[in-house]
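Biologist: Shall we walk through this structure together? I will ask, and you reason each answer out.

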Amino acid sequence: MENKIATPHSGSPPVVVVGGGFGGLSCARALAGSGVQVTLIDRKNHHLFQPLLYQVATAALSPADIAIPIRSILSDAANVEVLMGEVVAVDHHERCVILEDGQRIPYGILVLAVGSAYNYFGHPEWQDVATSLKTIGDARRIRARLLRSFEEAERCNDIARRSRLMTSVVIGGGPTGVEMAGTIIELARHTLRRDFRHIDPSHARVVLVEAGRRLLGALPEKCSSYALQTLRKKGVEVHLGTTVKEIDETGIRTETTEIAAATVIWAAGIRANPAAQWLGVEPDRSGRIAVAPDLSVPGRPDIYVVGDAAQFDAGGHPLPALAQVAQQQGRWLGRHLRTGRPPSAFVFRNRGDTAVIGRDAAVYAFRSWSFTGRLAWFLWSLVHIVLLIDFEKRVLVSFQWLWRYITSSRGARLID
Ligand SMILES: Cc1cc2nc3c(=O)[nH]c(=O)nc-3n(C[C@H](O)[C@H](O)[C@H](O)COP(=O)(O)OP(=O)(O)OC[C@H]3O[C@@H](n4cnc5c(N)ncnc54)[C@H](O)[C@@H]3O)c2cc1C
């Protein structure tokens, strides 16, 4: 079925923004209250604060703490309409996007902010056994698997099976992998320590596997070695220079070893969502679309790409896939579209690269400075509070962090 919908107000077709993540939402918010008609389309009804997903996966936060309905964020913006639907194609001759049910939404300007997905490097079958962490559903699945494994271990008399149930493997030593490994070991060794009678959760084994020579490869060497030392001190087994060859429901195999594990988490690399296919342009190795300095697609002045789906060249190297990049690009583009002035060149203002390793351990790198430990943890918190889209969430999450920091508690230990 194909049907056209009218633009919501008279006048030219709207700015259509696909994606209500960091990039798309910032763009729509920058256009709110302007004379420009905006349609924001997302397949989900919520904006998700992905940097805190690991806290949902490890039972520190509840899903509703880090997700907020897109409709409610934009409810005061009379010129912005929100549609829930999955975009499957772009007809750039007819200037419309096509939803999964065939509905066509016309655009005057199109902003693609569709983000990225995990890359299983040619092994799609691993998705079923090694959950990645991208959506609320993923975080809930990981949380359920982790907690259920301890529950099963409590009733299990077989030593080998019990040991497998109490083993978690995280694949990928970037920020997400480091965060997950550090937090799982804290969950086992501190939070769950007194909760069981037949097992000792502090004997849980957490293994972090990284193919590269060091953890946090995008950060300075000092941050990598601090992360390695801190994780090892906490009890995480770190295998560097190790490539995973096989994963199934029993665990993983590398070139040198076999690890029986009930929970395997994939955090090993991302690939942009398929916007390049929609436009018929050649993507880079990570599926991203190379954009011009004004974030437009070369040769398509009415189409812009922001965030993880864009490959933006910043003086010879592409900007990383980070929330702060997506947010700044979306806001910058929205402001330009609002005034109608031809956009100049986007300039990224880095607030620092950061990763958290545990309750009071983090790394933070800014220009030629790098900090580790408690100070870095506070800087990490500041950067993330600034990224939170909603003022109430900022206050709520800040209090929750402070409370958990003081008490080490984890309130969301539910298996659903
Ligand atoms: C676990 C994790 C931890 C992270 N930690 C950090 C961190 O600490 N600091 C940091 O800066 N960055 C972090 N990131 C990266 C950051 O979240 C991304 O760079 C950022 O979300 C990119 O913004 P975006 O707008 O490009 O995409 P997203 O925020 O992913 O938004 C994309 C939106 O598009 C929608 N969408 C996708 N395809 C379609 C379609 N076909 N039709 C309709 N809608 C569609 C999605 O539903 C989604 O809402 C983390 C990411 C993950 C997964």
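Modeller: This is a predicted model. Start with a hairpin: E6 and E7 form it, with four residues between them. Arg95 sits in the turn and has a positive phi of about 55°.

Biologist: How many bridges join E6 to strand E7?

Modeller: Strand E7 covers residues 96–99. E6 and E7 run antiparallel. One bridge pairs Val90 with Val97 in E7. The number of bridges joining E6 to E7 is four.

Biologist: Which strands are the edge strands of the sheet E6-E7-E8?

Modeller: Three strands form this open sheet, in the order E6-E7-E8, and the pairing is antiparallel. An edge strand pairs on one side only. That leaves the two ends of the order: strand E6 (87–91) and strand E8 (104–106).

Biologist: By what angle are neighbouring strands of this sheet turned against each other on average?

Modeller: Direction is ignored for this angle. The average between neighbouring strands of the sheet is 25°.

Biologist: Now the other sheet. Which strands stand at the edges of E11-E18-E12-E13-E14?

Modeller: Five strands form this open sheet, and the pairing is parallel. Each edge strand has a single partner strand, so one side of each is left without a neighbour in the sheet. The edge strands are strand E11 (131–132) and strand E14 (237–239).

Biologist: In E18, what is the bridge partner of Val170?

Modeller: Strand E12 spans residues 167–171, and strand E18 spans residues 263–266. They pair in the parallel sense over four bridges. In E18, the partner of Val170 is Ile265.

Biologist: Is H1 roughly parallel or roughly antiparallel to H10?

Modeller: Helix H1 (residues 22–31) and helix H10 (residues 323–339) pack with their axes 7 Å apart, at an angle of about 30°. Angles under 35 degrees count as roughly parallel. Therefore H1 and H10 are roughly parallel.

Biologist: How many nonpolar residues has the contact of H1 with H10?

Modeller: H1 brings residues including Phe22, Cys27 and Leu31, and H10 brings residues including Ala323, Leu333 and Arg338. Five residues of the contact are polar and three are charged. The nonpolar count is eight.

Biologist: How far apart are the end C-alpha atoms over residues 15–330?

Modeller: UniProt, in an unreviewed entry, lists residues 15–330 as "domain: FAD/NAD(P)-binding". Over that range the chain is 29% helix and 27% strand. The distance between the end C-alpha atoms is 13 Å.

Technical notes: Residues are numbered from 1 along each chain as its sequence is written. This is a predicted model: local features need pLDDT of at least 70, side-chain atom pairs count only at pLDDT 80 or more; totals for chains, interfaces and linings use all residues. Side-chain values use heavy atoms; hydrogens and water are left out. Two strands pair if DSSP finds at least two bridges between them. Axes are lines fitted to C-alpha atoms, for helices over the stretch in contact, and angles run from 0 to 180 degrees between N-to-C directions. Angles under 35 degrees count as roughly parallel, over 145 as roughly antiparallel, 65 to 115 as roughly perpendicular and the rest as oblique. Contact means heavy atoms within 4.5 Å. Ala, Val, Leu, Ile, Met, Phe, Trp, Tyr, Cys and Pro count as nonpolar, Asp, Glu, Lys and Arg as charged, and the others, Gly among them, as polar. UniProt positions are given in the numbering used here, feature names are shortened, and annotations may be inferred rather than shown by experiment.
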